[in-house]
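Welcome! Please take a moment to look over the sequence and the 3D picture before reading on.

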Amino acid sequence: MVNSGRTLILIPAFNEEAAIGAVVREARGHLPDLPVLVVDDGSADGTVAAARAAGARVLSLPCHLGLGGCVQAGYKLAFELGYEEVVRIDGDGQHDPRYIPQLLEALRRTGCEMAIGVRAGAAARGSTLARRIGIQCFRLLLRPILGRPVTDPTSGFVAVNRRALEVFARSFPLEYPEIETLVVLQRRRFRFVEVPVPARPRMAGQSTITPLRSVYYVVHVLLGVFVNILRLDARRAARAVGERLDD
Amino acid sequence: MIELLDILTVLGVVLLLVVLRAIRREHIRVEHSVSWLAAAAALIALSRSGALLEEAARRVGAGEPALILLMLILIVFLGVFYRFSRIVSELKDMNITLTQRVAILEFLLKEKNGQA
């Protein structure tokens, strides 16, 4: 059961003209009561027109900010408009909107701040070997930091509640945000729940993560996680000082 | 080693001229040129101060006065690069915030007029 007055579907998009119309129509077809917001990250093609034609509201960024800046703009708007929950799906059609209710149900049932759609199925298995190795490394890295295993740390199919929305509207990783987001949640002592969802191949276009960029991706994410751990430690130290002063 | 000091003087003059030209053409804002101008002026002055460099080299134990100057150049330029990295990072953050704000305000305006 989804509540149309409090939940928003957020779709970040950059040059997704070929897929965005179908993605929006599919989301609206399965969940006609939920508003769909496409955040266009300065696309050079007809993404905005295609999204509008399919019935989405469009937040159009005047210049390209990258995925994190694009998603954060959507979170900021959703927070300002008073939404209680935001579900993010990708604009390339990899995420099946039929599973949005499952994510929202898990979010509400568990009281967690974030629900992550864990990709499974043929499309997920069809991912490149390098990518699967990379994801496995990130899982090993994140386990001790988060204090629990995380199955699919790079999934962009997520639902967040208003508490997380408030934090992300203020502070959100700007490039390759998915993994760093988990550490940001941990810093706030927020929790997440994982929900299995089938993965699908993208409807059109190609991934922007080329082999060269994947090296940059790994270095960037490792650095981002490391910086967030330092902030986590600083926060713990400050809390410890506060507790000693209280005593 | 005198020749190296002469080369460093020429480099200092070239740096000074390049920065002044960039200011004149508004490629660099005046407030951001101060570090470069100071570095260029220091480079010229020190490369012409043989006695001072010799005294510094003697105290530090460096064999050649020019080595002292090269070390100073390295330190100063690292400092300048660090300062500009901070400025660029700060400007990027502000730019992102402003871009998001502009987009949100435009969206709200269009919503109000029924165009979003």
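The briefing below goes from the whole chain to its sheet and then to two helices. Keep in mind that this is a predicted model.

**The chain as a whole**
- Chain A contains nine helices and seven strands.
- Of the 247 residues in chain A, 49% are buried.
- Among contacts in chain A with a separation of 6 or more, 79% are between residues 24 or more positions apart.
- Chain A has an accessible surface of about 11,300 Å², and carbon and sulfur atoms hold 56% of that surface.

**The sheet**
- Try tracing the open sheet of chain A across its seven strands: the order is β3-β2-β1-β4-β6-β5-β7, with mixed pairing.
- At the edges you will find β3 (57-60) and β7 (192-198) of chain A, each of which pairs on one side only.
- On average, neighbouring strands of this sheet are turned by 25 degrees against each other, direction ignored.
- Strand β5 (residues 114-120) of chain A runs parallel to β7(A), and seven bridges join the two.
- As a spot to look for, A:R119 stands opposite A:V197 in β7(A).

**A helix on the sheet**
- Helix α7 (residues 162-170) of chain A packs on the sheet, where it touches β4 (85-88), β5 and β6 (158-161) of chain A.
- The direction of α7 makes about 95 degrees with that of β6(A).

**An enclosed helix**
- Helix α8 (residues 177-187) of chain A is largely enclosed by the rest of the structure, because ten of its eleven residues are buried.
- The buried residues of α8(A) include A:P177, A:I179, A:L182 and A:R187.
- After α8(A) comes A:R189, which has a positive phi, near 60 degrees.

Conventions. Residues are numbered from 1 along each chain as its sequence is written. Chains are lettered from A and ligands numbered from 1 in the order in which they are written. This is a predicted model: local features need pLDDT of at least 70, side-chain atom pairs count only at pLDDT 80 or more; totals for chains, interfaces and linings use all residues. Side-chain values use heavy atoms; hydrogens and water are left out. Helices (H or I, at least four residues) and strands (E, at least two) are DSSP runs, numbered from the N terminus. Buried means under 20% relative accessible area, exposed over 50%, partly exposed in between (1.4 Å probe, protein chains only). Contact means heavy atoms within 4.5 Å. Accessible areas come from the Shrake-Rupley method with a 1.4 Å probe; for residues, only the protein chains shown count as cover. Two strands pair if DSSP finds at least two bridges between them. Axes are lines fitted to C-alpha atoms, for helices over the stretch in contact, and angles run from 0 to 180 degrees between N-to-C directions.
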